[in-house]
Amino acid sequence: MHQTRDEQPTAIAAGDGGKPQVTVFFDKRTFSAQYVVADPASGKCAIVDPVLDFDEKSGATATGNADRLLAFIRDEGLALEWILDTHPHADHFSAARYLKEKTGAPTAIGAQVVEVQKLWKTIYNWPDLPADGSQWDRLFADGDTFTIGTLPARVLFSPGHTLASITYVVGDAAFVHDTLFMPDSGTARCDFPGGSASRLWRSIQDILSLPGETRIFVGHDYQPGGRAPRFESTVAEQKATNIHMAKCATEADFVALREARDATLPMPKLILHALQVNINGGRLPQPEANGKRYLKFPLDALDGAAWG
Ligand SMILES: N[C@@H](CCC(=O)N[C@@H](CS)C(=O)NCC(=O)O)C(=O)O
Ligand SMILES: [Fe+2]
């Protein structure tokens, strides 16, 4: 089982046969799951998909979520080895840069992020942005391996929601971000620039070919029907009960279902705020001469306007 931040964390047990201890921290504002993935044997850990707080009404930024992750790591006596993002998020700022500045731990994301940088650098008309991934310490390609303490970790390239999405498989746990959601919630949308429902279908097939008992940890939970948030399932449960996959025998079925649903979804309210920070490794814009930072938005650049 995973723990949520509201539960009392249990002590880290020594050695657990390649099973990371996974603690989830839910950001209610953006329905995002942030994870601390710990190796019980060594006390080393990684953070997956940390959120930097942003209040779009006032323009205020804050580090409440990120500081809670750091406090947990400190209280548990863990050592942070990696700051991992699964993809350049479209609905919140990544706290990767803040956490690196606080801890010195290396940041990482999928290598195809350079393609996302190229796409959005055009949308933002931002010629000075280096579109070479140099904003992160490590760019992971499909099949790359690394360790979290003694735990083996492997990268599965899993695009579709974005061009650069990756899944981290750590021991018996897979951090699948926005591919599959909880079985009663279905799958992630594919209508952002660079998204593709047929690529997502193939990525989901790769995830579902992991062993049935693999623990699946999702990137968001939108609490369908107002139920309490849930983040963990298994490959076997997803295969048996995911509401989108159950309706789809073929890739064509899935593409039709996904595209029909995507046509009904408004753009995330922070997509234009978030991408300009996230394609720059979670760096907020440089302050101007008056010491203030400013975001820049293109007009009429994205489809998906919702006037209703
Ligand atoms: N209402 C949310 C939407 C966020 C959103 O679009 N989330 C993506 C993941 S980044 C997704 O796949 N959503 C699936 C869905 O809404 O069905 C917002 O404005 O931020
Ligand atoms: Fe996403």
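1. How many cavities of 30 Å³ or more does the structure hold? In this predicted model, there are five cavities of 30 Å³ or more, and the largest cavity has a volume of about 80 Å³. The points below take up that cavity, then the pockets and the ligand, and finally two backbone details.

2. The lining of the largest cavity is made up of P88, A90, V116, L119, W120, H161, T162, L163, F192, P193 and L275. Helix α3, which spans residues 113–123, supplies the largest share of this lining, with three residues. By class, the lining of the largest cavity has nine nonpolar residues and two polar ones, with no charged residue.

3. Turning to the pockets, the largest pocket holds about 620 Å³ of space, and of the 27 residues that line it, D91, R189, Y222, L265 and P268 are the closest to its centre. The elements giving two or more residues to this lining are α6 (243–246) and α7 (251–262). In contrast to a lining without charge, as described for the largest cavity, the lining of the largest pocket includes eight charged residues, together with 13 nonpolar and six polar ones.

4. Which pocket does ligand 1 sit in? Ligand 1 is placed in the largest pocket, where the residues surrounding the ligand are D91, H161, D178, F181, A188, R189, H220, Y222, R261, P268 and K269. Sorted by class, this shell comprises five charged, four nonpolar and two polar residues. Two of the surroundings can be tied back to earlier points: H161 belongs to the shell around ligand 1 and also to the lining of the largest cavity, while R189 is in the shell and is listed among the residues closest to the centre of the largest pocket.

5. Three polar side chains deserve inspection for their distances to ligand 1. The side chain of R261 has an N or O atom 2.5 Å from an oxygen atom of the ligand, and a polar side-chain atom of R189 lies 2.8 Å from a ligand oxygen atom. For Y222, the partner is a nitrogen atom of ligand 1, at 2.6 Å from a polar atom of the side chain. As for the cover over the ligand, ligand 1 taken alone exposes 500 Å², of which the protein buries 79%.

6. The second largest pocket has about 360 Å³ of space and is lined by 16 residues, with M267, L272, L302, G304 and A305 lying nearest its centre. The lining of the second largest pocket divides into 12 nonpolar residues, three charged residues and one polar residue.

7. Where in the structure is Q223, a residue other than glycine with a positive phi of about 50°? Q223 is part of the loop that runs between β15 (215–218) and β16 (232–234). A positive phi is also found at D300, again not a glycine, with a value near 55°, and D300 belongs to the segment after α8 (271–278).

Technical notes:
Residues are numbered from 1 along each chain as its sequence is written. Chains are lettered from A and ligands numbered from 1 in the order in which they are written. This is a predicted model: local features need pLDDT of at least 70, side-chain atom pairs count only at pLDDT 80 or more; totals for chains, interfaces and linings use all residues. Side-chain values use heavy atoms; hydrogens and water are left out. A residue is near a molecule or strand if one of its heavy atoms lies within 4 Å of it. A polar contact is a pair of N or O atoms within 3.5 Å; within protein, one must be able to donate a hydrogen and the other to accept it, and residues adjacent in sequence count only if both atoms are side-chain atoms. Accessible areas come from the Shrake-Rupley method with a 1.4 Å probe; for residues, only the protein chains shown count as cover. On a 1 Å grid over the protein atoms alone, a cavity is a set of points where a 1.4 Å probe fits but cannot get out, and a pocket is an open set with protein on both sides within 12 Å along at least five of seven lines; lining residues have an atom within 4 Å of a point. A molecule sits in a cavity or pocket if more than half of its atoms lie within 2 Å of its grid points. Ala, Val, Leu, Ile, Met, Phe, Trp, Tyr, Cys and Pro count as nonpolar, Asp, Glu, Lys and Arg as charged, and the others, Gly among them, as polar. Grid points are joined across faces, edges and corners, and a volume is the space filled by probe spheres set on the points. Helices (H or I, at least four residues) and strands (E, at least two) are DSSP runs, numbered from the N terminus.
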